[in-house]
Amino acid sequence: MKYLLITLMLMGCGGSANKESTQESFKQVTAPVIEVIKETHLFIIYGQSNAAGSGREVDYTPVDGAEMWVPLQGYSQELADPTRYDGEIYSSAWPTFARKYQELSGEKVIILNAAFGGRLMKELQTGARLNKRYIDWLNEALTYYESVDENITKVSMIFVHGESDSSNRTKHSEYFKGLNAISDQLASITPLYDNTYITRVGLNLDPSYGPERTERFINLGHEQIKRTEDRADWLPVYNQAVTYNQENGFSEVDYVHHSLKGYVKMGNEIAENINFYNIGLDMKSALIKESALLTKELLL
C-alpha cells in the first residue's frame, strides 16, 4: 500500500476569528490520501460436483471487481454464477465466497473453477486426463493475466471433494497420497502457490443406502480435516457440509448436492476462515477440534 502525503502552505490565515476553521482545514488537507495497490488472488476450485456447483436455484448477480477464467473459451469475464466450465446452469459457492473475501481482505479475487462432477481421486490425481486439463487451464489463465499486466500475487486451491471416494471405498492412504501429489504439483507449477484449502465432505443421505455407507462419509470427512496436520500448506476451511440435509434446506432433493442456501453458507464461511488465517488466527486447530466434535455426535 502506498501513502501519498499532500501538504498545503496556508497563507494569509492569521487572526483569532478564523483560528479554529484554519486548524480544521489544515487537518483535512494534510490527512493521508491512500492509494490502494490491490493484491490479486487466484483461487483454483478443484474436486467434484459440489466444487463445480450443483444448486438448482441460481443467483446471477455479478460480483463487483471479481473475475472468473472461462477455461474452454480461454477468456476472463466478470464473476457470476454459473461458474462451471461445462456451461451447465447451476449455482455454486464461489460468487458468495469472492464477494465476502474481497470485503474482508481487500484482495481482488479471480476464480478458476476446474472441478469435475462425480470424479474419484484417481481421476483427479497427477497424470490423469482431467488433471492435465486443469493444468492446461491454469497455465492459460496465468499467461493471460500476465499479458494484461494483472499482478497475481497468490495462487491457492480450494478442494471440495470426497463423495465418490466415500461411496466407492477408496483406501484413505490412496486418497491422501493423491491429494499430496496435487498440492506438490501446484507448488511446482507456480511460485505464487501458497495453500490448499480443504473442506470436509458432506453426507449422501439417500434413504436407499444403509448406515454403513453414511459412516464411510463421516470418517473420510473427519480425516480430510485431521490430515491437514500433515502439511503446513493444507488448511481446513469448512466442516459444516456434514450438517446439510433436506429438512434444513441446505441440500437439494437429490440428497447429495448442496442448495443455493447451502452454497451461500459455505462460501461465506470459507471466506471468513481464510481471512482469519491471513490475520494469524490458528483456525487449523479450531477446525480440527470442531470436526472431531461433529464426528463424535454423528457416530453416536
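This dialogue walks through a predicted model, from the sheet to a cavity and a single lysine.

Colleague: What should I know about the model before I start?

Modeller: Residues are numbered from 1 along each chain as its sequence is written, and side-chain values use heavy atoms, with hydrogens and water left out. The model is predicted: local features need pLDDT of at least 70, side-chain atom pairs count only at pLDDT 80 or more, and totals for chains, interfaces and linings use all residues.

Colleague: How many helices and strands does the chain have?

Modeller: Helices (H or I, at least four residues) and strands (E, at least two) are DSSP runs, numbered from the N terminus. The chain has 10 helices and nine strands.

Colleague: In what order do the strands of the open sheet lie?

Modeller: Strands of a sheet pair through backbone hydrogen bonds, either parallel or antiparallel. Here two strands pair if DSSP finds at least two bridges between them. The open sheet has seven strands in the order S5-S4-S6-S3-S7-S8-S9, and its pairing is mixed.

Colleague: Why is one side of S5 and of S9 left without a neighbour in the sheet?

Modeller: S5 (75-78) and S9 (234-238) stand at the edges, each with a single partner strand, so one side of each has no neighbour in the sheet.

Colleague: In which sense do S7 and S8 pair?

Modeller: S7 (residues 152-160) and S8 (residues 193-199) pair in the parallel sense, over four bridges. Methionine 157 stands opposite threonine 196 in S8.

Colleague: Where is empty space left inside?

Modeller: Rolling a probe the size of a water molecule over the atoms shows where empty space is left. A cavity is a set of points, on a 1 Å grid over the protein atoms alone, where a 1.4 Å probe fits but cannot get out; lining residues have an atom within 4 Å of a point. Grid points are joined across faces, edges and corners, and a volume is the space filled by probe spheres set on the points. The search of the whole structure finds one cavity of 30 Å³ or more. The largest cavity holds about 50 Å³ of space, and its lining includes Asn50, His161, Tyr238 and Met266.

Colleague: Is lysine 38 buried or exposed?

Modeller: Buried means under 20% relative accessible area, exposed over 50%, partly exposed in between (1.4 Å probe, protein chains only). Lysine 38 is partly exposed, at 46%, and is found in the loop between S2 (33-35) and S3. Of the 300 residues of the chain, 50% count as buried.

Colleague: Which residues does lysine 38 contact?

Modeller: Contact means heavy atoms within 4.5 Å. Leaving aside neighbours within four places in sequence, lysine 38 is in contact with Gly106, Glu107 and Lys108.

How values were computed: 1 Å grid on protein atoms, 1.4 Å probe; cavity = no way out; pocket = protein on both sides within 12 Å on 5 of 7 lines; lining within 4 Å.
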